[in-house]
Amino acid sequence: MAILTVENLHKHYGPIQALKGISFSVPKGAVYGILGPNGSGKTTLLGIILNVLKASSGSFKLFDEPATHVHRQQIGTLLETPNFYHYLNAVQNLNIAAAIKQRGKADIDRVLELVNLEERKLSKFSTYSLGMKQRLAIASSLLGDPDVLIFDEPTNGLDPVGIAETRELIKKLHKAGKTIIMASHLLDEVEKVCTHVAILQKGTLLTDGHVDEILITDEIVETAAANMQQLQSLLQHYPGAKKVSVNAPYVELTFAAGTASLEALNQYCFAQGVTLYHLRLRKKSLETKFFELTQNIK
Ligand code: ATP
């Protein structure tokens with residue numbers, strides 16, 4: 001089952017095209033990272049899904065059905081740090097949040113335990129560290145035990161300890177079977193906590209899929225020559241290559257990120273009497289992709 005399916009979503013704010021035809025699908029149980037630099041359209045996308053904004057065109061489904069408020073009631077959200085009352089404690093604040101959400105009144109102790117705020121639950125919100133405030137915000141999103149959670153930049157503004165705490169919590173929720181959709185501008189964060197990723201650049205989806213497939217740091221060079229057997233035995237011990245394999249119609253060499261040199265490889269083959277008619281770097285590392293992506297932002 002797909003938790004969320006987005007089809008050709010467009011959004012413009014007057015002349016500004018914030019989303020230019022986005023399509024992707026979030027499988028059940030995924031931690032789905034929407035990765036992109038500031039202004040790439042992440043918040044706009046989440047806003048549409050949560051009915052805070054209206055799409056200009058395109059559609060999306062929740063739980064394989066056209067989205068209604070009944071579906072949205074099953075989703076816990078953290079869009080920005082909610083305005084908790086500074087002079088009230090965690091339990092009092094969550095009581096108010098549960099009343100507003102109309103769910104989770106009986107759930108307050110459970111969610112406070114989940115986010116490790118049990119011990120400080122009777123302290124005033126004003127005495128909390130930023131990390132604790134963020135954990136309380138996540139606790140609020142967990143009221144009523146929704147199966148799906150949507151977090152916009154959940155670690156924004158936190159110190160390293162707060163970041164680590166929040167990431168651990170996301171992993172814990174994943175292990176408990178929740179589906180989590182989170183926007184982030186941090187490659188490192190997505191790499192650490194997400195199972196899937198969609199990369200946005202200026203309202204366009206660059207790529208999406210399983211993190212293990214997309215966050216490939218190796219570089220693969222495809223080569224071909226008239227005599228493939230000769231080419232294969234020649235490249236078998238090519239210096240610097242981690243792996244040499246036949247993937248018809250090419251002999252492929254795998255290099256660690258940033259170490260493949262097409263020029264050196266071409267020279268090497270030519271010096272050994274083999275002329276390549278195909279030579280191509282097939283996959284760049286995501287770091288490179290992401291670097292290019294952020295460099296392009298004006
Ligand atoms: P950030 O991390 O900075 O919030 P983002 O990836 O979430 O970035 P959005 O906030 O969705 O991106 O913005 C996408 C584009 O739409 C940007 O160019 C932004 O300036 C523009 N935009 C967003 N909201 C509005 C609005 N209400 N009116 C006009 N333009 C807007």
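Trainee: Which helix or strand gives the largest share of the shell around the ligand?

Mentor: Helix 1 does, with three residues. Helices here are DSSP runs of H or I with at least four residues, strands are E runs with at least two, and both are numbered from the N terminus. Before we go on, this is a predicted model, where local features need pLDDT of at least 70 and side-chain atom pairs count only at pLDDT 80 or more, while totals for chains, interfaces and linings use all residues. Residues are numbered from 1 along each chain as its sequence is written, and side-chain values use heavy atoms, with hydrogens and water left out.

Trainee: Okay, so which residues are around the ligand?

Mentor: They are Y13, I16, A18, P37, N38, G39, S40, G41, K42, T43, T44 and E153. A residue gets in if one of its heavy atoms lies within 4 Å of the ligand. Strand 2 (16-27) and helix 1 (42-49) each supply at least two of the shell residues.

Trainee: How many of the shell residues are nonpolar, polar and charged?

Mentor: Four are nonpolar, six polar and two charged. The nonpolar class is Ala, Val, Leu, Ile, Met, Phe, Trp, Tyr, Cys and Pro, the charged class is Asp, Glu, Lys and Arg, and the others, Gly among them, count as polar.

Trainee: What about polar contacts: how far is K42 from an oxygen atom of the ligand?

Mentor: A polar side-chain atom of K42 is 2.9 Å from that oxygen. The side chain of T44 has an N or O atom 2.5 Å from an oxygen atom of the ligand, and Y13 has a side-chain N or O atom 3.5 Å from a ligand nitrogen. For a polar contact with the ligand, we want a pair of N or O atoms within 3.5 Å.

Trainee: And how much of the ligand does the protein bury?

Mentor: The ligand taken alone exposes 630 Å², and the protein buries 58% of that. Those areas come from the Shrake-Rupley method with a 1.4 Å probe.

Trainee: Switching topic: how many aromatic pairs are there?

Mentor: The count comes to six. Rings of Phe, Tyr and Trp (its six-membered ring) pair if their centres lie within 6.5 Å; planes under 30 degrees apart are stacked, over 60 edge-to-face, and the rest tilted. F24 and Y32 are stacked, because their ring centres are 5.3 Å apart and their planes are at 15°.

Trainee: Are F24 and Y32 buried or exposed?

Mentor: F24 counts as buried at 5% relative accessibility, and Y32 is buried at 1%. Buried means under 20% relative accessible area, exposed over 50%, and partly exposed in between, using a 1.4 Å probe and protein chains only.

Trainee: Which pair is edge-to-face?

Mentor: Y238 and F255 form one, at 6.2 Å centre to centre with 85° between the planes. Y238 lies in the loop between helix 9 (228-235) and strand 12 (243-247), and F255 is in strand 13, so the pair ties together parts 17 residues apart in sequence. Y238 is buried at 10% relative accessible area, and F255 is buried at 3%.

Trainee: Which residues do ring pairs link into a cluster?

Mentor: F84, F125 and Y128.

Trainee: Last one, zooming out: which domains does the chain have?

Mentor: The assignment, automatic or from a database, gives domain 1 (2-214) and domain 2 (219-294). Their C-alpha centres lie 41 Å apart. The protein chain has 11 helices and 14 strands, and buried residues make up 46% of its 298 residues.

Conventions:
A polar contact is a pair of N or O atoms within 3.5 Å; within protein, one must be able to donate a hydrogen and the other to accept it, and residues adjacent in sequence count only if both atoms are side-chain atoms.
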